[in-house]
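The following exercises concern the architecture of a protein complex. Each task is followed by a solution that proceeds step by step.

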Protein chains: 2
Amino acid sequence: MQANTATLKDIAEKVGKSITTVSRALHGYDDVSPETRMLVEQVAAEIGYTPNIIAQRLQKKSTDTIGFVIPTYGPRFTDPFFTEFLAGIGNTAVKLGYDILVSTHPISEEEMHSYQNKVQSYRVDGFILVRTRRDDSRIKYLCSINFPFVAFGRTEGSCPFPFVDVDNRYAMKMIADHLVQLGHRKIAFIGAPDYLMFAHERLEGLKQALKEHDLDLPNTMVKVGDLTQISGLKQTEILLDYPDPPTAIVTCNDLMALGVIITAQKRGLRIGEDLAVVGYDDIPQAENNLPSLTTIHQPIYKIGSIVCDMLVRILKGDVIEDQKIIIKPTLIIRESCGGQ
Amino acid sequence: MQANTATLKDIAEKVGKSITTVSRALHGYDDVSPETRMLVEQVAAEIGYTPNIIAQRLQKKSTDTIGFVIPTYGPRFTDPFFTEFLAGIGNTAVKLGYDILVSTHPISEEEMHSYQNKVQSYRVDGFILVRTRRDDSRIKYLCSINFPFVAFGRTEGSCPFPFVDVDNRYAMKMIADHLVQLGHRKIAFIGAPDYLMFAHERLEGLKQALKEHDLDLPNTMVKVGDLTQISGLKQTEILLDYPDPPTAIVTCNDLMALGVIITAQKRGLRIGEDLAVVGYDDIPQAENNLPSLTTIHQPIYKIGSIVCDMLVRILKGDVIEDQKIIIKPTLIIRESCGGQ
DNA sequence: ATTGACTCCCAAAACGTTTTGGTTTATACT
DNA sequence: AGTATAAACCAAAACGTTTTGGGAGTCAAT
C-alpha cells in the first residue's frame with residue numbers, strides 16, 4: 001500500500017553517521033562538514049527520502065494547516081463566491097507551505113463543534129472565517145481562547161481581531177448615488193438574513209445613503225432573500241405586485257439580481273428602462289448576462305489571498321502592523337440600470 | 001496561544017494509574033476495572049482531554065485524511081460543480097471521521113508534484129480524483145504505487161481502479177433522440193478539450209447517437225469551449241455565422257449553454273423556436289433561466305458522497321464488491337428546446 | 001502446597017522527527 | 001606543556017499516543 005518509507009535512520013545507516021547529523025545536514029546547520037552534507041544529500045535523493053510530516057508536526061507542535069469551514073445551505077449548495085475564495089486561499093497557502101483543511105457545515109449548533117474539535121485535537125494552527133455574523137459565536141470562541149484566525153468581514157462584538165472587509169456602506173452609497181442620479185425615487189432592496197454582518201451593513205448603508213438624498217427606504221421595500229437566484233426571483237414577484245412598485249431593485253448579491261431580472265422579464269418589463277437592477281459581487285456571469293448587470297466588484301480571489309497571507313504571518317509570529325484592512329469596492333456600471 | 005493541552009499523562013497522574021491503563025480505559029479495553037474506567041472518564045471530561053490527533057497519527061501511521069485537488073483554470077475560476085461536489089464529500093467525510101485536505105492547482109506539470117508530495121510526506125491516506133483525463137498521469141502514478149483513490153470519471157488507461165461515472169454516451173443518446181424527434185437535422189456541439197475524458201465521451205456519444213439516425217456530425221459543427229459561459233458565447237458566434245447554421249446546439253455543460261442562449265438572443269433568435277439549446281449538469285440556474293434550460297441532470301452531491309464513502313471503505317480495508325459504479329443520468333426537458 | 005484461570009494493571013518500545021547539551025579531535029595560542 | 005578555540009559529530013530526550021508482552025494478586029480446584 002505504501003510507496004516510500006525511507007527515514008532519517010535509513011540515511012544515517014547508509015552514510016555511517018548519526019541521525020542527528022543527518023537531520024542537521026539536511027537543515028543546513030553549520031556544524032556539519034561539507035563532505036558529510038554532500039553525501040547525506042546525495043543518499044537522501046537516491047533513496048527518495050521525504051520527511052514524515054506527521055513526525056515533524058508532533059515534534060514542532062504545529063500543523064502548518066489552516067482550517068476553513070464552508071457554511072452550506074442545503075444540498076444543492078453552490079455559490080461562485082466560495083470557489084473563487086477557495087482558489088485565492090489555496091494558491092496562496094501552497095506557496096507559503098501551508099495545507100488547507102476544508103470542511104463543510106450547515107450553520108447550526110454543531111458548527112461550533114467543528115471548530116472546537118479542530119482546535120482541541122490540534123488539527124489546525126489557525127482558521128479563516130467567512131460570512132461573519134453580527135453576533136458571531138465562532139469569533140467569540142476563538143477570541144476567548146486566543147486562537148489565531150483572520151476573518152473576511154467584521155462583527156459587532158468588542159473583541160479585536162484581524163480581518164479584511166469590503167466597505168459595504170461605501171458601496172451602497174455609490175449605488176444610491178447612481179440610481180438617484182438616474183432619476184429613481186422608488187428603490188427596493190432584496191437583502192439576506194440580518195444576522196449576517198454584510199447583509200446588515202448593506203441594508204443600513206443603503207438606508208443611510210438614501211436618507212442623504214432625502215429618500216426613505218420603507219420596510220415594505222425591503223425583502224429578505226437567501227442569496228440564491230430563486231429567492232431573488234420570488235421576492236421580486238412580491239415587489240412587483242405592489243400597486244406602486246419600485247423602479248429600481250438593489251440586491252445583496254448577483255445571483256439574486258439575476259433572479260430579479262428573470263422575473264421582471266417574464267412580466268414583460270424592460271430591464272434598464274422600466275426597472276433598474278443592481279447586484280453585488282461581480283461574478284463572471286454579471287458581465288455576460290443579457291442585459292449585463294450593474295454591480296459592485298469585490299476582488300474575492302485577492303481577498304482570499306490577502307486573508308491567507310495575513311494568517312500565515314500571524315502564525316509565524318510576525319507583528320502585523322495593519323490588522324484591519326478595508327477594501328474600497330468599485331461600482332461597475334452596465335446595462336441593467338440603463339441610462340448609459 | 002493554546003487552549004488545551006491535557007494529555008494522557010495528566011489524567012494518569014490525577015487518577016494514580018499508568019498511561020497505558022488510561023489509554024486502554026478510554027478505548028474500552030476489557031482489562032480495566034469498571035471503577036477505574038469510570039474514574040478515568042470522569043477526570044478526562046473534567047480537565048477537557050482531547051486526544052492529540054498528530055500523536056495518534058504518528059503511531060497509527062495513518063492520517064484519516066482524504067486529499068482533493070481542485071483543478072483550476074485562471075484566477076476568476078468559479079464552477080458550481082465544485083462547491084456541490086465538495087459539499088457532498090465534505091458532509092460524508094465528517095460523518096465517517098475523515099478530514100479533507102483541499103488544494104487548488106492549475107492543470108500542469110507541477111500538478112503531479114502536488115499529489116506526489118502529499119503521498120510521500122504522509123499527508124493523506126487516499127485521494128478523490130475528479131475531471132479525469134483520457135490519458136491521466138495522476139491515475140497512472142497512483143496506480144503504479146498502489147495508493148488508494150477513487151475517481152469521478154474513467155480513463156483510457158488499462159489499470160483497474162474504483163470509480164463512479166455517469167453514462168455520458170447514454171446521456172447524449174437521449175439528447176440526440178429528443179432533438180431528432182423534434183425535427184432537428186443540423187445539430188452542433190460545443191464541447192471541451194478532448195483530453196478530458198467526459199468531453200471526449202460526450203462528443204463520441206453524440207456522434208454515435210446521430211449516426212443511428214443517419215445523421216452526420218461534421219467537424220465544422222464541433223467547437224471546443226473551456227466550460228465557461230463566455231466560451232459558450234464566443235463559439236456560438238462562429239456557429240451562427242455559418243451560411244447554413246445549426247438549428248440546435250448541444251453543449252458540454254450548462255454554463256456554456258447559458259452563453260449560447262445569450263448570443264442567440266442578442267441576434268434576435270427565439271430560443272426553442274429558431275434555435276434549440278441543450279446543456280449538461282443541471283445547475284440550479286438551468287431551471288430558473290429564461291428560457292429554462294433543457295439539460296442532463298447528474299446528482300453531483302450524491303456522487304461526491306458515494307465517492308467519498310467508497311474511498312473510506314477501501315481505506316478501512318473493506319472489500320468493495322462494486323468498484324465501478326455507472327450512474328444513468330436523466331434528461332430534463334425544459335423550454336430551451338421548445339416543442340413542449 | 002501447587003497449579004491454573006482470571007482480573008487488573010503497567011514498563012517499555014515504537015512511530016520519525018528536532019533539539020539539547022554535550023564529547024572528541026585537531027589546531028593555535030600562551 | 002598546558003589551555004583556548006573551533007570543527008565535526010552524536011546520545012538521549014522530547015513530542016503524545018498505542019501496543020506489546022508481560023507481572024502481580026486472588027481465588028478455586030487439585
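**Exercise 1. Describe the contact between chain A and chain B.**

Solution. The model is a predicted one. Step one is to count the participants: chain A contributes 55 residues to the contact, and chain B contributes 55 residues. Step two assigns the side of chain A to its elements: α4 (53-60), α5 (80-95), β2 (99-106), α6 (109-120), α10 (229-241), α11 (254-266) and α12 (284-288) of chain A each supply at least two residues. Of these, α5(A) gives the most, with 9 residues. Step three considers composition: the side of chain A that touches chain B holds 28 nonpolar, 20 polar and 7 charged residues.

**Exercise 2. Determine how β2(A) pairs with a strand of chain B.**

Solution. The partner of β2(A) is strand β2 (residues 99-106) of chain B; 3 bridges join the two strands, which run antiparallel. At the level of residues, A:V102 has B:I100 in β2(B) as its bridge partner.

**Exercise 3. Assess the overall form of chain A.**

Solution. Begin with the secondary structure: chain A has 13 helices and 12 strands. Next, compare the radius of gyration with the expectation for a compact globule of 340 residues: the latter would be near 20 Å, but chain A has 26 Å. The extent of the C-alpha trace along its principal axes is about 90 × 40 × 35 Å. Then turn to packing: buried residues make up 48% of the 340 residues in chain A. Finally, among contacts in chain A with a separation of 6 or more, 67% join residues 24 or more positions apart.

**Exercise 4. Characterise the surface near DNA strand D.**

Solution. The surroundings of DNA strand D comprise 24 residues, the closest being A:K17, A:S18, B:T7, B:L8 and B:A55. The elements that give two or more residues to this surface are α2 (19-26) and α4 of chain A, together with α1 (8-15), α2 (19-26) and α4 (53-60) of chain B. By class, the surface near DNA strand D divides into 7 nonpolar, 13 polar and 4 charged residues.

**Exercise 5. Locate B:L203 and decide whether B:L203 is buried or exposed.**

Solution. First, place the residue: B:L203 belongs to helix α9 (residues 197-211) of chain B. Second, apply the criterion that a buried residue has 20 or more other C-beta atoms within 10 Å of its own. B:L203 has 21 C-beta neighbours inside 10 Å and therefore counts as buried. Third, list its contacts: leaving aside residues up to four places away in sequence, B:L203 touches B:F189, B:G191 and B:V222. Last, relate B:L203 to B:T7: the two are 196 residues apart along the chain, and their C-alpha atoms are separated by 58 Å.

Key:
Residues numbered from 1 in each chain as written. Chains lettered and ligands numbered in written order. Predicted model: local features only at pLDDT ≥ 70, side-chain atom pairs only at ≥ 80, totals over all residues. Contact = placed C-beta atoms within 7 Å. Helix = DSSP H or I, 4+ residues; strand = E, 2+ residues; numbered from the N terminus. Nonpolar A, V, L, I, M, F, W, Y, C, P; charged D, E, K, R; others polar. Pairing = 2+ DSSP bridges. Rg over C-alpha atoms; globule rule 2.2 N^0.38 Å. Buried ≥ 20, exposed ≤ 12 C-beta atoms within 10 Å, placed from the backbone. Near = placed C-beta within 6 Å.
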